[in-house]
Amino acid sequence: MRILLISPKSSVWNSRKHIHMGLGYLAGALLAAGYEDVNLFDAEVEDEPLAEHLARERYDIVGISSPTPLIYEAWEAAAQAKEHARAAGRDTITILGGPHLTLMPDESIQRDEVDLVVRGEAEGTIVEIVREIEQRVTSDEWQVDEGKQQAYPDSLLAACSLQSILGLSWKDGSGQVVHNPDRPLRKDVGNIPWPAYHLFKIERYTNLQPITDGLDPNARAYTLVTSRGCPYQCIYCSKPITGHTWRARTPEDVVAEWRFLVQEMGATEIGITDDVWNLNLDRAKEICRLLITEGLTHVPWVTVHGMRADHTDPELFQLMKQAGCRRVGFGVESGNQAVLDAIKKQQTLDDVRNAFKSAKAAGLQTMGFFIFGLPADTEETMEDTIRFSLELDPDMANFMIAAPYPGTELWEIARRDGRLFSMDWRDYAIHDEKARYELPSLPPELVERKWHEANRRFYLRPRQLWRKAVNPDTWRRLPEYVSNAGRLFLGGKSHPV
Ligand code: B12
């Protein structure tokens, strides 16, 4: 079986490129199951367009991953895979999976270019699918006869028995969509094979630390997942894959993978991409202690996304620093307690103040994530958020305008109490400078104005300008910075009214 796993090229704004852990894990599971010809195509870092690659290479199975804003690109990738395979006289099976497919399987499985949709975590599902295809599809059936109807019910999969594969959506012989029951989440996350790290063109991924970003042209920036999921129920957070669960690997298991990345893969920096790696404070401290005792502290690491501010204490940050951590990020979201309560963040402003204080005292760089346009936001509360960002004064502030992903409470609120501007999923990219909905007391122009103001007031301070000026990377990537400056500081995009 020749298998290709694709992450489509992102048309949404995205400043950095990280390895795709979902695809890495799927490839790891397939390799562990004995399928050796597994390939990755991350369109963000490849030299050639996907269509050219598919025109040259033949694959039996093409798997494509998609978050909500990239679903059109995922469909396009599936169509290209089918087209090029058939043009060469051999069919291919297309499988879509990832967050958006788990939320909205129907809109994709109904499409001709999509053969299968996988919902949820898929290390087990993908292996079962490939095994079934391998056993049932004979070599003749892969050939495309001229004039043969390739869509259902005459497709390659007609001979396969798919109804017992949990988490799979498919089309039966009459073209009817069937959603098999969900696949329960695996409890034993420690036993999932490690991602197939060796398949990534690692030198093409940008460095993880914003502060040293791009400074080391030979950086090998790997990421690592120490736990899956988050039990909190923040109303804006899209968690189709893991729900409100948290499953953690043991510190020993995490550090074994860390050692492998450092010693075998030549990692020069490591990012933890968990939703909340520090939910269990003792476990987080134990990971740090093991890194220290095992002498794995020389490769700098960061927490890529936010960690919870309230599951911390000064000792954790001191241990993180000793263990080689450079930067911590926190999901601050709002500088107003009523808004934090309205979005069910279950965090106080003092939790955040204390976490920043302790992290800075330990000598760590800090990063804060802030959201504008949340329910309960007003001009005053968004002003509180700007002031709070200035008070906390992280090395980097990431200001975002709320995006109501389907399946979240925010999506329900925006539809019930207000008005969504667009059902085009491309408009749901979180870093865009536009409001996606209006609520009765929250006009989109106000949200966009405060978002621009936040960027201006935070980044155009002498201290921040100096930080940028003394960083050689600023000068190396000047055109990018100049075009971003327009996006961040000036005006606002128009939105439909
Ligand atoms: C790390 C991360 C990033 C990194 C790396 C992204 C990447 N390419 O992997 C960066 C910072 C670059 C990033 C960018 C974006 N991200 Co992001 N990211 C995450 C984060 C925190 C962890 C992802 C992860 O590694 N999970 C662990 C792996 C093992 O799980 P997984 O990726 O879900 O994969 C499993 C299943 O989904 C499934 N699966 C996945 N792909 C496929 C494909 C096939 C064929 C099959 C069968 C199965 C399958 O099987 C995998 C193994 O079990 C998640 C939050 C989360 N916990 O999911 C958000 C998250 C996925 N990101 C999100 C978003 C919105 C984005 C952006 C669109 C933001 C933007 N610019 O607007 C971009 C899109 C970039 C892109 N090309 O994908 C949302 C998606 C929400 C949604 N409804 O789609 C999430 C869920 C965050 C959130 N709560 O809102 N992100």
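Modeller: Two strands pair if DSSP finds at least two bridges between them. The strands themselves are DSSP runs (E, at least two residues), the helices are runs of H or I with at least four residues, and both are numbered from the N terminus. This is a predicted model, in which local features need pLDDT of at least 70 and side-chain atom pairs count only at pLDDT 80 or more, while totals for chains, interfaces and linings use all residues. Residue numbers start from 1 along each chain as its sequence is written.

Biologist: What makes β14 and β15 a pair?

Modeller: DSSP joins strand β14 (residues 365–372) to strand β15 (residues 396–401) by 6 bridges, and the definition is met because at least two are required. The two strands run parallel. M367 has M396 in β15 as its bridge partner. From β14 the chain passes through helix α12 (residues 379–392) to reach β15, in a right-handed β-α-β crossover.

Biologist: Why is that β-α-β crossover called right-handed?

Modeller: The term applies if, with the strands pointing away from the viewer, the path from the first strand over the helix to the second runs clockwise. Here the first strand is β14, the helix is α12 and the second strand is β15.

Biologist: Which strand does β13 join, and how many bridges are there?

Modeller: β13 is joined to β14 by 6 bridges, and these strands also run parallel. Within that pairing, R327 has Q365 in β14 as its bridge partner.

Biologist: How do you know that β14 is mostly covered?

Modeller: Of its 8 residues, 6 are buried. A residue is buried with 20 or more other C-beta atoms within 10 Å of its own, exposed with 12 or fewer, and partly exposed in between, where C-beta atoms are placed from the backbone.

Biologist: Why does E333 count as buried?

Modeller: E333 has 25 C-beta neighbours inside 10 Å, so it counts as buried. E333 lies in strand β13 (residues 325–333).

Biologist: What makes the phi of E333 worth listing?

Modeller: Phi of E333 is positive, about 70 degrees, and the residue is not a glycine. Most residues other than glycine have a negative phi. K344, also not a glycine, has a positive phi near 60 degrees. K344 sits in the loop between α10 (337–342) and α11 (349–361).

Biologist: Why is K344 called partly exposed?

Modeller: K344 has 14 other C-beta atoms within 10 Å, so it falls in the partly exposed class. A32, in helix α1, has 14 C-beta neighbours inside 10 Å and is therefore partly exposed as well. E76 lies in helix α3 and, with 17 C-beta neighbours inside 10 Å, is again partly exposed.

Biologist: How far apart are A32 and V130 in sequence and in space?

Modeller: A32 and V130 are separated by 98 residues in sequence and by 13 Å from C-alpha to C-alpha. For E76 and Q318, 242 residues apart along the chain, the C-alpha separation is 48 Å.

Biologist: How is the protein chain divided?

Modeller: The division is into domain 1 (3–179) and domain 2 (206–489), with bounds from an automatic or database domain assignment. Their C-alpha centres lie 31 Å apart. The contact between them takes 19 residues from domain 1 and 18 residues from domain 2, where two residues are in contact if their C-beta atoms, placed from the backbone, lie within 7 Å. On the side of domain 1 that touches domain 2, α3 (71–87) and α4 give two or more residues, and α4 gives the most, 3 residues.

Biologist: Which residues are closest to the ligand?

Modeller: G22, G63, S65, P67 and G97 are the closest of the 43 residues that surround the ligand. A residue is near a molecule if its C-beta atom, placed from the backbone, lies within 6 Å of it. α1 supplies the largest share of this shell, 4 residues. Each of domain 1 and domain 2 gives at least three residues to the shell.
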